[in-house]
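Let's take a walk through this structure, one piece at a time. Have the viewer open and follow along.

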Amino acid sequence: MLKIKNLHASVEDKSILKGINLEIKPGEVHAIMGPNGSGKSTLASVIAGKEDYEVTDGDIFFEGQDINELATEERAHKGIFLSFQYPVEIPGVSVTNFMKTAINETRKAKGLEDMPAKDMLKLIREKAELLEIDRKFLSRSLNEGFSGGEKKRNEIFQMAMLEPKLAILDETDSGLDIDALRIVANGVNKLKSKDNAVLVITHYQRLLDYIVPDFVHVLYNGRIVKSGTKELAHELEEKGYDWIKEEVNA
Amino acid sequence: MNKYTEDDLREELKTKEYEYGFYTDIESDTFPVGLNEDIVKAISLKKEEPQWMTNWRLEAFKAWKEMTEPEWANVHYVKPDFQAISYYSAPNSKPKYNSLDEVDPELLATFAKLGISIDEQKKLSNVAMDVVVDSVSVATTFKKTLGEKGIIFMSISEAIKEHPELVKKYIGSVVPQKDNFYAALNSAVFSDGSFCYIPKGVHCPMELSTYFRINQAGTGQFERTLVIADEGSYVSYLEGCTAPSRDENQLHAAVVELIALDNAEIKYSTVQNWYPGNAEGKGGVYNFVTKRGLCETNAKISWTQVETGSAVTWKYPSCVLKGDNSVGEFYSIAVTNNYQQADTGTKMIHLGKNTKSTIISKGISAGKSQNSYRGLVKISPNADNTRNFSQCDSLLMGNECGAHTFPYIEAKNKTARIEHEATTSKIGEDQIFYCNQRGISTEKAIALIVNGFSKDVLNKLPMEFAVEAQKLLEISLEGSVG
């Protein structure tokens with residue numbers, strides 16, 4: 001589904017990613033872990049196509065297509081979703097209205113008509129239930145005055161609405177208490193299928209108790225320096241990142 | 001001799017338009033350029049006005065001659081040469097085009113985006129109409145309904161002839177001839193406009209917009225509007241049109257006077273989309289408008305405006321809250337793009353006791369434009385227990401535009417409660433990226449953010465019009481980012 005080859009990327013001439021190789025197949029859950037400043041969020045932004053990041057070398061293939069030249073929204077239309085670490089506020093635009101726009105823009109890109117209001121409402125109700133979201137929440141302005149937990153839950157709600165092929169969860173666990181974490185993780189698990197894939201980016205292993213990865217990769221200094229199974233995550237939790245750094249620098 | 005090409009002709013027409021400030025056409029009945037007493041008299045004569053009206057115009061002209069163009073607004077432009085304008089051009093009955101195929105395709109594309117019907121498009125772009133049974137019969141029905149309720153709705157020229165007692169009593173009662181430079185000019189030379197009278201206790205059964213839009217597409221350069229809501233009556237009046245107005249007249253100086261007698265309510269909504277000039281800031285209309293309403297006891301006036309057009313806007317719809325317990329409201333969205341300049345806001349003059357006013361102003365600036373809010377809240381010594389709430393929000397797009405807020409407060413009564421809130425925000429790249437990531441294009445994302453920002457004001461517009469205004473905001477800001 002996603003194939004990254006020797007990816008180099010920089011922001012404002014500062015090189016951040018220095019040769020990433022990663023392949024994610026449908027049905028798989030991958031986790032990327034690593035110390036602060038290792039390039040985790042940059043990788044997420046580059047896959048999503050954020051303009052500030054310049055790909056200086058390497059390729060990103062999504063379902064066999066080189067997506068490097070595609071605009072952010074075109075990647076989204078293809079089924080790439082990014083759950084943001086810091087979701088932005090859009091005052092005056094309700095969650096419902098935002099989702100309606102997102103879904104219909106995606107449908108338009110695929111040559112489909114707008115989703116009928118009745119179907120839209122049904123979908124919203126369904127997904128809100130799945131994520132234990134109060135309906136009142138949906139008429140509030142997007143992320144405005146939301147608590148950290150509400151923001152993250154709203155991200156996963158959007159993911160549920162858009163049904164992406166590849167969902168990238170960037171530090172979705174940060175700022176969540178244990179109950180919110182459980183709800184969010186349950187939501188992700190319910191949405192998982194053999195046809196879609198999840199890339200979890202996290203600093204701590206705690207989220208991985210709930211969203212169990214098939215593969216764990218350690219990102220350090222712009223490179224994946226170690227890959228393994230979920231056992232690797234436990235090892236990191238126990239020993240921290242220093243031994244990895246030492247291994248790399250040795 | 002070189003061949004005289006179509007391009008040469010076009011070039012020549014362009015220069016002509018500039019020279020005379022309006023579209024030259026042999027069919028129209030046009031006065032020579034310049035302004036003096038004889039011209040004022042001639043306008044009045046041409047319109048077959050009674051002597052009192054002629055005198056009224058002459059008084060205004062006399063005052064205007066002594067006045068100077070105001071310079072305090074935060075706008076910069078080359079002042080018009082008032083002696084280079086022709087002050088009377090009879091409406092041309094002959095259509096400009098024979099079919100829509102001849103109309104500028106860009107204009108038609110905009111109409112289509114706004115969802116304006118073919119018939120209305122023809123009317124707006126001055127295309128010969130086929131026999132339109134529908135709109136004619138609709139108009140007739142409206143006229144009948146209004147007539148049955150005793151509502152008078154006609155052009156001000158007709159009203160001067162048919163209802164002189166009403167016009168004489170109220171014209172200039174809220175905006176006196178000498179009020180300001182442009183109001184004085186308008187009083188002297190106003191071409192035409194609308195007159196509306198709602199009798200005592202009558203609730204006008206329809207938005208006067210519907211009628212207005214079917215019947216009057218074109219407006220004059222010096223428009224004059226007078227709306228009188230008699231005791232206990234209600235009217236919702238809609239002015240302007242979301243369709244772009246490609247008027248060749250550079251200067252527009254309208255006057256609108258509203259009178260809400262005891263317990264009456266007037267809701268006045270405006271959508272202004274005059275030609276803003278091109279992307280380089282060439283051309284475009286100067287819109288210098290004086291709008292004011294007078295509220296008697298328990299009366300209420302609401303101004304709602306969506307301003308997207310004009311190169312230069314100078315406009316402060318105001319309320320004089322004379323009667324006790326009267327209410328004034330001002331809801332405004334002003335959009336400026338490219339090189340547009342807007343200096344707009346309101347004045348709330350609290351004279352009566354327990355009077356209340358609300359001001360919600362949303363300014364959106366893009367391109368290299370300058371957008372200013374200027375507002376005055378004045379509480380007179382006798383106005384006990386008055387309240388005002390003002391909120392001025394500015395939204396900036398890009399780094400080259402400006403947003404300015406000039407709130408003035410003069411409170412001479414200690415019991416007054418005045419609240420003022422102001423915010424300035426910028427459409428962030430993070431917001432755009434967030435929307436993009438959800439599959440929403442940058443253009444659409446901006447529209448979404450702008451609509452969210454403007455929601456409080458859009459909600460105040462009559463339903464059908466709110467939808468059009470929303471689309472208009474999108475179109476006005478097209479191409480402003482990226």
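Start with how much of chain A is tucked away: of its 250 residues, 42% count as buried. Keep in mind that you're looking at a predicted model. Chain A also reaches across its own sequence a good deal, since among its contacts with a separation of 6 or more, 72% join residues 24 or more positions apart.

As for the overall build, chain A has 8 helices and 12 strands. Its radius of gyration is 18 Å, close to the 18 Å that the globule rule gives for 250 residues, so chain A is as compact as a globular protein of that length. Measure along the principal axes and the C-alpha atoms of chain A fill a box of roughly 60 × 40 × 35 Å.

Now for the inside. In soluble globular proteins, nonpolar side chains tend to be buried together. Here the largest nonpolar core holds 178 residues, and the ones touching the most other members are A:Ile168, A:Val200, B:Cys196, B:Ala229, B:Leu258, B:Ala260 and B:Ile266. H12(B) gives the most to this core, with 9 residues. Zoom in on B:Ala229: leaving out residues up to four places away in sequence, its contacts include B:Ile198, B:Tyr234, B:Ile259, B:Ala260 and B:Ile266.

Finally, where do the chains meet? Contacts link 16 residues of chain B with 20 residues of chain A. On the chain B side, helix H11 (429-437) and helix H12 (442-458) each supply at least two of the residues that touch chain A. That side of chain B is a mix, with 6 nonpolar, 6 polar and 4 charged residues.

How values were computed
Residues are numbered from 1 along each chain as its sequence is written. Chains are lettered from A and ligands numbered from 1 in the order in which they are written. This is a predicted model: local features need pLDDT of at least 70, side-chain atom pairs count only at pLDDT 80 or more; totals for chains, interfaces and linings use all residues. Two residues are in contact if their C-beta atoms, placed from the backbone, lie within 7 Å. Helices (H or I, at least four residues) and strands (E, at least two) are DSSP runs, numbered from the N terminus. Ala, Val, Leu, Ile, Met, Phe, Trp, Tyr, Cys and Pro count as nonpolar, Asp, Glu, Lys and Arg as charged, and the others, Gly among them, as polar. The radius of gyration is taken over C-alpha atoms; the globule rule is 2.2 Å times the number of residues to the power 0.38. A residue is buried if 20 or more other C-beta atoms lie within 10 Å of its own, exposed if 12 or fewer, and partly exposed in between; C-beta atoms are placed from the backbone. A nonpolar core is a set of buried Ala, Val, Leu, Ile, Met, Phe, Trp, Tyr and Cys residues joined through C-beta atoms within 7 Å.
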